[in-house]
Protein chains: 2
Amino acid sequence: MLAQCQKMRYNKDMQLDFSTRMNGLNGNATREIFKLLTRPEIVSFAGGLPSNECLPIEEIAEISNTLLKSKHATRILQYGTTEGFVDLKEALLTHVKGVGITNQTLDNCLVISGGQQGLYLALSSFIDKGDVVLVENPTYLAVLPMIQGFEGKAVGVNATENGLDLADLEEKIIKHKPKMLYVVPTFSNPTGKTYSVENRKKIAELSAKYNVIVIEDDPYSALRFEGNALVSIKSFDTIGNIIYISSFSKTLAPGLRVGVAIGDAHIIRKMVILKQSADLHTSNLSQAIVLECLKQNLIAKSVKKSMPIYLQRKNAMVAAIQAYMPKSFKFTNPEGGLFIWGEFEKGVDTVALFKEAIDKNVAYIQGQVFFAENVHKQVDALAYKNTIRLNYSTETPSSITSGIQNLSKIFS
Amino acid sequence: MLAQCQKMRYNKDMQLDFSTRMNGLNGNATREIFKLLTRPEIVSFAGGLPSNECLPIEEIAEISNTLLKSKHATRILQYGTTEGFVDLKEALLTHVKGVGITNQTLDNCLVISGGQQGLYLALSSFIDKGDVVLVENPTYLAVLPMIQGFEGKAVGVNATENGLDLADLEEKIIKHKPKMLYVVPTFSNPTGKTYSVENRKKIAELSAKYNVIVIEDDPYSALRFEGNALVSIKSFDTIGNIIYISSFSKTLAPGLRVGVAIGDAHIIRKMVILKQSADLHTSNLSQAIVLECLKQNLIAKSVKKSMPIYLQRKNAMVAAIQAYMPKSFKFTNPEGGLFIWGEFEKGVDTVALFKEAIDKNVAYIQGQVFFAENVHKQVDALAYKNTIRLNYSTETPSSITSGIQNLSKIFS
């Protein structure tokens, strides 16, 4: 037993010569903040989770039980193809018609293990060391280390209220010759903002003109509680350069890890080859559950039930901000999704004040981490430090009110 | 509508500048052969699947139903941590004691989306362009394009009946200065061969001496129908350089996509960071099912029920080979796992004869694809073309007999 213990007391001088892609990759800040969520006294505006109350637990339990007792059980538990179940792919092609994506075939469709995997496979298909990926500034936090992991370089594009700043986009395309552009055009993470139809059309045109591959990340568009639905950027694709990625993490259940990628057949083929290595295929049980939910129209029904809850929470947050936060605090008022984005006056430091907020039992995400420059450590002392992302989906209206009230004490 | 159709008729001149990692990656040959399996008249020795009869469908259905109707349902359907459920990791640490891996903590353990993902994350953590990975010749087919995808180079190590040829291993370590060594030491895919305890110990010693990271891939060791269980190479790890990877694809159900990686905490941390980008976390429903199966000892029970079936099929294949195949055909006679490996006389070309076999309704895998040199297109005209992999797990004894009989007509 002593010999056994000694054997396992590893020599700490072992040389670990990790790959260069690991340089500077230290884990995703939001994933670390998730650990704070386990403290029940914390009012968390830091997450990006759907509300527990909105998970259609009973319906999924019923569906799963029926599936595993049916003739489909064998194909669910046995190996499957990397592309995903053919009948699920057919259902997904119908599903994406809802955002104006039509005339696609099975070769344009790949079942992915959550939207995150879609971004990963799309970037992996194209990005070599030194390649530039344009992103909206600010953008989805997790895409930045992912780009870095392929030794690419994220460059931020300025944004307006209606979408990307098209002049800045064209200037940066000409200057950086990017291989890809990554955008979350509807209820963006982190801003909650939505690009106008005109802006979408222009992004499709500009990217086609300069042969830039676009990743359109769309996890949130179904979560609309106000206003009218818009078509996707992909719906304006004329040359096949746009990869549309969505998932069922916000509309059904993130724990299942199922999403969809729609793109040019040559691109999807490359993503399939990479997915063979990455995880062989997506969990068949998860695929079968999503397929059955689509067949029964359960996703639309579940979202419809959830939207009044999200609207109420968003309204509670907006009202509390108006009542308690400093008048100089500017914030977005989204028509859907999970996030409000805020900007304090220059000089306010949400990074430094985070600890004080936690002491007052409130958590948020410092806006700085969503900027492309941040991941390359090019941020000067206070740049973007006055920004903040606030999530409203997981707390009750009264918790939201008291949380914002506590937050206002720190930032006044 | 016409405008819509025209819009989607993509310009085929679009320039697709894929990443250099995609060069020469054309998909895994066995995945393509899987498509043949859908033709019911084919007797397939080409697969590597567990037998449908051995999937514990009713038990998993019962467990899944109970879980989704329990208080655990919310955590199953909500987001989870990248590392995996803590209680599953605890159960996995107990599970791997079965192959002699002791004194590990939660930081040494990562839940993965199938064994394949473990190999992918381990290689990604270490392999840069030009880095060498030593592999047994022949080795698991899918690891070769994976190494190529990281722009590394696979170099084959000779083998004996008892494991790796240790002199050749040391020579190639000195010559190529490899970062990693990849092995499947128990019931190897493709040979069905098992390394002796002495060979395992020596591999641990040599790899520690030269600071080579070892990936020990162990999907099959539980599938033992004859002989005595052996401890893992990882059980002889003195410096923390061995990453042990196993999965529940062959012992429970591949469709769930759950496996485990055990390694030095620094290495596991890098794999966690990469997994954050790759798929955020493994399906929680799959994790919860595997945890419950471990708790109820269902995996061991299910394997125990399956082994007489596998043994009967292996025996049927060995008997048919002895009865019908040419006397010059050499083949392995494994004590477990899924595969028999065969070698015809030099000059016999299993690649050229594959079409004839399909015409006689028998499928196999040409042995050539399992050799490191093959992926680099360094194989001279007939090298390894006389080898063949035969899987016996999915066909009945009578199909196996008639399949081998048909095969013998081609190769006589």
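How much area does chain A expose, and what share of it do carbon and sulfur atoms supply? In this predicted model, chain A exposes about 15000 Å², and 52% of that area is supplied by carbon and sulfur atoms.

**Figure 1. Overall build of chain A in the predicted model.** Chain A holds 15 helices and 15 strands. Its radius of gyration is 22 Å, close to the 22 Å that the globule rule gives for 412 residues, so chain A is as compact as a globular protein of that length. Along the principal axes, the C-alpha trace of chain A spans about 70 × 60 × 50 Å, and 64% of the 412 residues of the chain count as buried. When contacts in chain A between residues at least 6 apart in sequence are considered, 75% of them join residues at least 24 apart. The chain carries 45 positive and 40 negative charges, and the mean positions of these two sets are 3 Å apart.

**Figure 2. The relation between chain A and chain B.** Chain A is superposed on chain B by a rotation of 180 degrees with 0.0 Å of shift along the axis, at an RMSD of 0.0 Å. That is the relation of a two-fold axis. In chain A, the C-alpha nearest this axis belongs to A:Asn65, which places it 2.7 Å from the axis. Of the interface residues of chain A, 99% are also interface residues in chain B, so the copies meet through the same surface.

**Figure 3. Surroundings of B:Arg257 in the loop between strand 9 and strand 10 of chain B.** The loop that holds B:Arg257 runs between strand 9 (242-247) and strand 10 (259-262), and the residue is buried, with a relative accessible area of 3%, because buried means under 20%. Leaving aside neighbours within four places in sequence, B:Arg257 is in contact with residues of chain A, namely A:Tyr79, A:Asp279, A:Leu280, A:His281, A:Thr282 and A:Ser283. Within chain B, the contacts of B:Arg257 are with B:Ile112, B:Ser113, B:Gly114, B:Gln116, B:Ser249 and B:Thr282. B:Arg257 and B:Gln117 are 140 residues apart in sequence, while their C-alpha atoms are 9.2 Å apart in space.

**Figure 4. A:Arg257 and A:Gln116, two residues in contact in chain A.** A:Arg257 is found in the loop between strand 9 and strand 10 of chain A, where its phi is near 60 degrees, a positive value in a residue other than glycine. A:Arg257 is buried, with a relative accessible area of 3%. A:Gln116, by contrast in setting, has its place in helix 6 (residues 115-126) of chain A, and at 7% relative accessibility A:Gln116 counts as buried. Neighbours within four places in sequence aside, A:Gln116 is in contact with A:Tyr140, A:Ala142, A:Met146 and A:Arg257, and also with B:Gln276, B:Ser277, B:Ala278 and B:Leu280 of chain B. The C-alpha atoms of A:Gln116 and A:Gly259 are 8.5 Å apart in space, although 143 residues separate the two in sequence.

**Figure 5. A:Thr251 in the loop between strand 9 and strand 10 of chain A.** The loop in which A:Thr251 lies is bounded by strand 9 (242-247) and strand 10 (259-262), and at 8% relative accessibility A:Thr251 counts as buried. Leaving aside neighbours within four places in sequence, A:Thr251 is in contact with A:Ala222, A:Leu223, A:Ile299, A:Ser302 and A:Val303. A:Pro56 is 195 residues from A:Thr251 along the chain, and the C-alpha atoms of the two are separated by 9.6 Å.

**Figure 6. Backbone geometry at A:Pro138, B:Pro190 and B:Asn103.** A cis peptide bond, with omega about 0 degrees, joins A:Asn137 and A:Pro138, and A:Pro138 has its place in the loop between strand 3 (132-136) and helix 7 (143-149) of chain A. The peptide bond from B:Asn189 to B:Pro190 is also cis, with omega near 20 degrees, and B:Pro190 is placed in the loop between strand 7 (180-183) and helix 9 (197-209) of chain B. B:Asn103 has a positive phi of about 60 degrees although it is not a glycine. The place of B:Asn103 is in the loop between helix 5 (86-95) and strand 2 (109-112) of chain B, and at 37% relative accessibility B:Asn103 counts as partly exposed.

Methods. Residues are numbered from 1 along each chain as its sequence is written. Chains are lettered from A and ligands numbered from 1 in the order in which they are written. This is a predicted model: local features need pLDDT of at least 70, side-chain atom pairs count only at pLDDT 80 or more; totals for chains, interfaces and linings use all residues. Side-chain values use heavy atoms; hydrogens and water are left out. Copies are superposed by least squares on the C-alpha atoms of residues with pLDDT of at least 70 in both. Contact means heavy atoms within 4.5 Å. Helices (H or I, at least four residues) and strands (E, at least two) are DSSP runs, numbered from the N terminus. The radius of gyration is taken over C-alpha atoms; the globule rule is 2.2 Å times the number of residues to the power 0.38. Buried means under 20% relative accessible area, exposed over 50%, partly exposed in between (1.4 Å probe, protein chains only). Accessible areas come from the Shrake-Rupley method with a 1.4 Å probe; for residues, only the protein chains shown count as cover. Lys and Arg count as positive and Asp and Glu as negative; His and the chain ends are not counted. The place of a charge is taken as NZ of Lys, CZ of Arg, CG of Asp or CD of Glu.
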